[in-house]
Every structure is written in structure tokens, then in C-alpha cells.
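This report describes how a ligand is held in a protein model and then turns to a few residues of the chain itself. Please read it alongside the sequence and the structure shown here.

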Amino acid sequence: MDRFNLAVIGATGAVGEIFLSILEERNFPLNKLRLCASERSLGKKIKFANEDHYIEPVTNELLSDCDFVFISASSEVSLDIAPRAAKLGSIAIDDSSAFRMNKTVPLVVPEVNSKDLDQHKGIVSIPNCSTTPLTMVLHELGKLAKINRVIVDTFQSVSGAGAGAVFELDSQNHAMYENSEIQTSIHPHRIAFNVIPQIDDFTESGYTNEEMKMINETKKILHRPDLNISATCVRVPVKIGHSEAVHIEFEQNIDIESAYSALSNAPGITLLDDTEKNHYPMPINCEHKDDVMVGRLRKDVSLPNGIVLWLSCDNLRKGAALNAIQIAESIIEKRLI
Ligand SMILES: NC(=O)c1ccc[n+]([C@@H]2O[C@H](COP(=O)([O-])OP(=O)(O)OC[C@H]3O[C@@H](n4cnc5c(N)ncnc54)[C@H](OP(=O)(O)O)[C@@H]3O)[C@@H](O)[C@H]2O)c1
């Protein structure tokens with residue numbers, strides 16, 4: 001079997017750390033692994049597969065030595081590194097939003113649109129961590145009948161904003177219990193014992209950037225520019241795991257049994273729906289799991305052709321690192337490298 005050289009840019013981050021553990025879990029066909037982060041971390045030791053690796057700078061030599069460059073840092077870093085990596089002959093798989101809406105860059109959830117990889121030109125983007133599970137569910141249910149409208153409200157964990165945001169929640173929790181001063185630098189307000197209906201900056205439309213990402217990315221991935229979709233994104237004081245309340249209106253009536261059947265046979269989706277036993281998805285049962293968990297499936301009492309559901313998903317795994325690794329696996333399987 002072919003083995004591949006791989007670099008992780010952002011190896012010390014919330015996603016980077018999970019990325020390395022999933023590489024090991026899935027036995028990715030690795031030849032050489034090279035790790036990078038910011039200048040602050042140069043020389044830092046990271047153990048992978050019982051071997052010590054050291055954080056090194058991102059050089060052209062490193063980029064040209066690699067088959068895949070996973071970039072999980074920030075849009076600014078991606079804007080610099082992804083085109084360089086592609087030019088030097090490697091494939092950049094990018095976690096940031098920098099290229100997601102670029103027409104020449106595939107935005108991929110392998111269970112939904114791996115075909116889009118066929119057109120790649122050296123850069124592939126992964127979606128926002130809330131978009132990915134939503135598109136997986138809409139893709140399966142959209143096979144039953146055309147979807148006309150989607151309304152989604154998210155409940156997003158702090159790890160979606162990076163390792164610093166997790167630290168901020170921990171620190172604020174301690175400060176609350178100790179009755180000491182609360183420091184807030186990453187979130188716009190105190191997140192401990194609170195929910196914040198703002199993720200990222202506001203746009204002129206009144207939606208936040210995060211909400212517009214969900215809206216636009218969903219349309220691109222599903223190849224449905226005409227889809228009516230609205231989102232409200234909310235940060236909640238949970239460490240890992242994003243949840244979503246999803247209201248879907250179809251062109252025709254869908255019975256709940258068909259929706260169950262479609263979702264229970266779908267790759268990457270697990271149904272957890274037994275209201276008699278109070279079983280439904282929550283961040284505490286999706287953390288460290290690969291699948292998107294779906295439950296609370298029911299007919300929408302306010303619409304003739306509507307259904308409502310609830311989902312939870314580990315944002316660091318399927319919402320980021322796992323999806324990126326599955327993209328690389330698809331590229332290898334399709335012999336696009
Ligand atoms: N968190 C999620 O759920 C999620 C989901 C989907 C996509 N994403 C995207 O994934 C990316 C990383 O997110 P994260 O949550 O892992 O953030 P994070 O925890 O803040 O980690 C950021 C990483 O980027 C590195 N970095 C910073 N500046 C750099 C530079 N100039 N050159 C190279 N590396 C640099 C940091 O290194 P140091 O440790 O040295 O500072 C760190 O390893 C973001 O673009 C984010 O939008 C995140």
C-alpha cells in the first residue's frame with residue numbers, strides 16, 4: 001500500500017491534537033509526519049505513535065516534501081500556506097473558512113459530496129463544525145423528498161472557538177465558585193453559567209458571520225443554491241459537542257418511519273431516539289464519538305410537510321479533524337493524488 005508524507009499546521013491546537021489521535025486510531029497510511037504551529041511552539045515535543053516529533057517552522061522545503069498538508073490554524077495562516085502548498089505539489093486540506101466559498105475549491109463532507117473532490121486543484125476545504133452534521137442529515141432526508149426550507153438553531157460548545165476558549169470557560173467556572181474577578185477575552189461576554197447568541201461578528205443583515213457560514217456552506221455542499229435556510233448560532237458553556245434543533249419543510253409529506261429508516265441506514269449517523277427512556281443525543285454522549293447523533297425526531301405540528309429533529313456531534317472530530325482525514329482517505333481511494 002502507498003504511504004504518504006503529511007504535515008499538520010496547528011498541531012498544538014484543539015483540532016490539531018484530536019487530528020493526531022484520529023490519525024493513529026484509523027491507522028492512516030503514513031510515511032512521514034511533520035508538525036508545525038506558531039513561532040511560540042517551535043521545538044515543542046509532541047508524541048505520536050510512541051515517537052517524539054518536534055514543532056518546526058512551515059518552510060517551502062516542508063510543504064514540497066508532503067503529499068498532504070492539513071491546515072488547522074486560522075484563515076490568515078491558511079491564506080498564506082494553502083496556495084503555497086498547492087503550488088509546491090501537495091494537497092492542502094484546510095479547516096479554516098478562507099477558501100470555503102471559493103468556486104474552484106471543493107467544500108467537502110465525504111458522506112455527502114465526495115464527488116466534488118474530483119475537481120480539486122490542490123486545495124480542499126472542510127465546512128464549519130455546525131454545517132457538517134447538518135448537511136449529513138439534510139442529504140439523507142433530501143432523498144425522500146425535496147427540502148424547501150430549513151430553520152436551524154445551534155448550541156455550540158466553547159471548543160469550537162479553540163483551546164483558548166476552553167481555558168476561558170474553565171477559568172470563569174473557577175472564578176464563579178471562588179467569587180473572584182471574571183476575566184473575559186475570547187467570548188464577547190461571560191460564558192460560564194450563560195449562553196451567548198453571538199458567534200463571530202455581526203454582518204449588515206443582522207446575522208452573524210457564523211450563521212452566514214452555515215447558510216452559504218450548506219447550499220454549496222448540497223448543490224442547492226435555491227434552498228431557503230435560516231440559522232441562529234448560540235454559544236453554550238459546554239466543552240465539547242455542538243447540538244442543533246433542526247426544522248425541515250419538505251415539498252411533500254414525509255412519514256416519520258421513512259425518515260427513521262433513511263437516517264438509520266446513513267453512513268456516519270447514529271439514531272439515539274427513545275423518549276420513553278429519555279434517550280436522545282447530548283454533548284455528553286457524542287464527545288469522542290465519530291458519528292453524528294440524531295434524535296427527538298417528530299412531525300412538526302405547525303406545518304403539514306415538516307419534521308423536527310435534534311442532533312449532537314463532536315465538533316473536534318466529525319466537525320473538524322475526522323472530516324479532514326476522511327477527505328484525505330477519499331482522495332487516496334479515488335486516486336486523485
Ligand atoms: N475547533 C473547532 O471545533 C473547529 C471546527 C472546524 C474548523 N475549525 C478551524 O480549525 C482551525 C483551528 O481551530 P482550533 O479550534 O484548533 O484553534 P486553536 O485551538 O486556537 O489552535 C490554533 C493552532 O494554530 C496554530 N497557529 C497559530 N498561528 C500560527 C501560525 N502563524 N503558523 C502556524 N500555526 C499557527 C497554533 O499554534 P500555537 O499553539 O503555537 O499557538 C495552534 O496550534 C481554525 O481555522 C478553525 O476555524 C475549528
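In this predicted model, a backbone N or O atom of S159 lies 2.9 Å from a nitrogen atom of the ligand. Two further polar backbone atoms belong to the same theme: one of A37 is 3.5 Å from a nitrogen atom of the ligand, and one of A163 is 2.8 Å from an oxygen atom of the ligand. These backbone approaches are set out below.

| Residue (backbone atom) | Ligand atom | Distance |
|---|---|---|
| S159 | nitrogen | 2.9 Å |
| A37 | nitrogen | 3.5 Å |
| A163 | oxygen | 2.8 Å |

On its own the ligand has 900 Å² of accessible area, and the protein covers 77% of that area. As for its location, the ligand sits in the largest pocket, and the elements that contribute two or more residues to the shell around the ligand are α1, spanning residues 14-25, and α10, spanning residues 317-333.

How many residues surround the ligand, and which are the closest? The ligand is surrounded by 26 residues, and the closest of them are T12, S38, R40, S41 and A163; A163 is thus named here as well as for its polar backbone atom at 2.8 Å from a ligand oxygen. Sorted by class, the shell consists of 11 nonpolar, 13 polar and 2 charged residues.

The backbone deserves a separate remark. Most residues other than glycine have a negative phi. A49, although it is not a glycine, has a positive phi of about 50 degrees, and F193, likewise not a glycine, has a positive phi of about 55 degrees. A49 is found in the loop between β3 (45-48) and β4 (51-56), whereas F193 lies in the loop between α6 (163-178) and α7 (209-222). With a relative accessibility of 40%, A49 counts as partly exposed, because that value falls between the limits of 20% for buried and 50% for exposed residues.

Helix α7, which follows the loop that holds F193, is also the place of L222. Is L222 buried or exposed? At 19% relative accessibility L222 counts as buried, because the limit for that class is under 20%. L222 and L263 are 41 residues apart along the chain, and their C-alpha atoms are separated by 17 Å.

Note on methods
Residues numbered from 1 in each chain as written. Predicted model: local features only at pLDDT ≥ 70, side-chain atom pairs only at ≥ 80, totals over all residues. Heavy atoms only, no water. Helix = DSSP H or I, 4+ residues; strand = E, 2+ residues; numbered from the N terminus. Buried < 20%, exposed > 50% of the residue type's maximum accessible area, 1.4 Å probe, protein only. Near = heavy atom within 4 Å. Polar contact = N/O pair within 3.5 Å; in protein donor to acceptor, adjacent residues only side chain to side chain. Areas by Shrake-Rupley, 256 points an atom, 1.4 Å probe, with all protein chains shown as cover. 1 Å grid on protein atoms, 1.4 Å probe; cavity = no way out; pocket = protein on both sides within 12 Å on 5 of 7 lines; lining within 4 Å. Sits in = over half its atoms within 2 Å of the grid points. Nonpolar A, V, L, I, M, F, W, Y, C, P; charged D, E, K, R; others polar.
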